[in-house]
Each structure stands twice: as C-alpha cells, then as structure tokens.
Amino acid sequence: MKIAVLDDDPVQLETISSVTETAGYRPVLFSRAQALISALRKDTFDLLIVDWNLPDRSGLEVLAWARTNLKPPPPMLLVTSRAEDEDIVAGLNAGADDYLPKPLSPAVLEARINALMRRVYAQHSTPGAEVHGDTLFDDSASTVSRDGKSVVLTAKEYALAQLLFRNLHRALSRTYILETVWGNEPNLNSRSLDMHISRIRTKLELRPEQGFRLTPIYSYGYRLERVGAVEPLMDDVESEDA
C-alpha cells in the first residue's frame, strides 16, 4: 500500500520513510505542501502523513483540500510538535483521522499507521475467499467466479480484478495500479494495463447491464463502480465513456 509523507524536515522524512518501509508500505516523500497536492491530482495514496508547519501552506490546508477534492479521502495522520489540547482539537476538526505529536516514536508511529490501515482497509487482509456481491475471489486457488460460474483469469488479470473490486467506487491512478499489480517490471509495455482492463471487462462482464461499470478516467486511471452509485470519486477529473 502507498503512503504519502509530507514534512519539510529531512530527518523526520527519513524517520517516517524508514518506519513505513519496515512495516511493508511504499512511502513517497514530499517536503512542500503544493507538491503533495499536485501529486494527489495525478496519483492514488492509501494514507497521508502530514506535518502541520510547512514553508508554503499549512498542513491543515492540505487536510482540508484532501477532504474537499478526494471522494472518498484516504485516512490522514497529522504529525506535529504542537501538543496542546486546542491544537489536537483543531487538527482533528480540520480532517485528520489521527494525531501524533513529535518527537515521533517509531514503534508508536508504526502502530498508528497499522491501526488506520486496518480501520479503513480491513477487508483487504482477510485470507481465503473474498466476496464482492456476486463475485467471489478464491485466493487459495487464484480463481474468480461470477454468479457461481468460474472465470479463467491469468495471474495478472486476477490481481488487477481483485484490486479494482477491493477499491470499488474509488478512482485509482494508472501509476498506482501498475505499481501494485506489476511492481517495478522494467519492460512493461505502456499499453499493457489497457489491454488487461479490456480483458477483465470482457471476461467478468463488467458492463452496466451486468451491474458494474469499469470506467477510464481522463488523464488519471480507472474506476470500477456498481451501476446506480451516484457519488463521484474525484471532483477534479472527468470520466470518459467506457
């Protein structure tokens, strides 16, 4: 899972990066608020760790931007040297899901991150069969079935389909999908994702008449949604016709 870390202190960035990597996450580091906001317009993150005091914009402004523009927003952890009660209240009211005062304890930081991830993405860590309506993923056999009918998928198609169903109604960037499913494959063709999306759409019948819509999002990525859902997932991107 991918974590955006915003702090203008290089030492703090290195500390948080080390903790998140050790815990098995993929940290992306930022030292300016505007750089993170620009990244959020193009990429998907599962968690934001944001410092309060920054050179260009307040961390609270970043939280407010994410709450307003990302639907749904990822969980957000505010880290700061401010530890008075009124500061904690202000941070939580600004949109933080949790608040951690500096100096940071690596063990406590890792525990808070894991707690937020479990709270928001609990279904992702459940082993065995994973059910999404009439679609069942069987990790033990790496098979998928729709309406009780088995569907043959390749390993990459299975991983991609599972990622989309796990993030139903959430816009996922191309970068996020490629990193999650393909990792760092150096020879990956840029059209490979689009071809896999097309195959999944066909094999799993992800079309409105079957209850799902797999939608390309212009200059961003893809979103899988149930037909009838009305909540937009990002306010600053537009969907193309599938």
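**Close-up 1. Contacts of L160 in the predicted model**. L160 touches I177, V181 and W182. Its partners also include L193, H196, I197 and I200. Residues up to four places away in sequence are not counted here.

**Close-up 2. The largest nonpolar core**. This core has 24 residues. L160, I177, L204 and L206 touch the most other members. Two or more residues each come from helix 6 (155-166), helix 7 (174-181) and helix 8 (192-203). Strand 11 (212-217) and strand 12 (221-226) also give two or more. Helix 6 supplies the largest share, six residues. Nonpolar side chains tend to be buried together in soluble globular proteins.

**Close-up 3. A second, separate core**. This one holds 23 residues. Among them are L48, L60, V62 and A96.

**Close-up 4. The span of helix 5 (residues 106-121)**. Helix 5 has 16 residues. At 1.5 Å a residue, helix 5 should therefore span 22 Å. Its end C-alpha atoms are 22 Å apart, in agreement.

**Close-up 5. The two faces of helix 5**. Its buried residues are L109, I113, L116, M117 and Y121. Seen down the helix axis, these fall within an arc of 100 degrees, so they line one face. An α-helix has 3.6 residues a turn, so residues three or four places apart point the same way. The face turned away from the buried side of helix 5 carries exposed A107, R118 and R119.

**Close-up 6. What covers the buried residues of helix 5**. The cover includes helix 1 (10-22) and strand 1 (2-6). Strand 3 (47-51), strand 4 (76-80) and strand 5 (98-101) are also part of it.

Conventions
Residues numbered from 1 in each chain as written. Predicted model: local features only at pLDDT ≥ 70, side-chain atom pairs only at ≥ 80, totals over all residues. Heavy atoms only, no water. Helix = DSSP H or I, 4+ residues; strand = E, 2+ residues; numbered from the N terminus. Expected span 1.5 Å × (residues − 1). Buried < 20%, exposed > 50% of the residue type's maximum accessible area, 1.4 Å probe, protein only. Arc of directions from axis to C-beta. Contact = heavy atoms within 4.5 Å. Core = buried A, V, L, I, M, F, W, Y, C linked by side-chain atoms within 4.5 Å.
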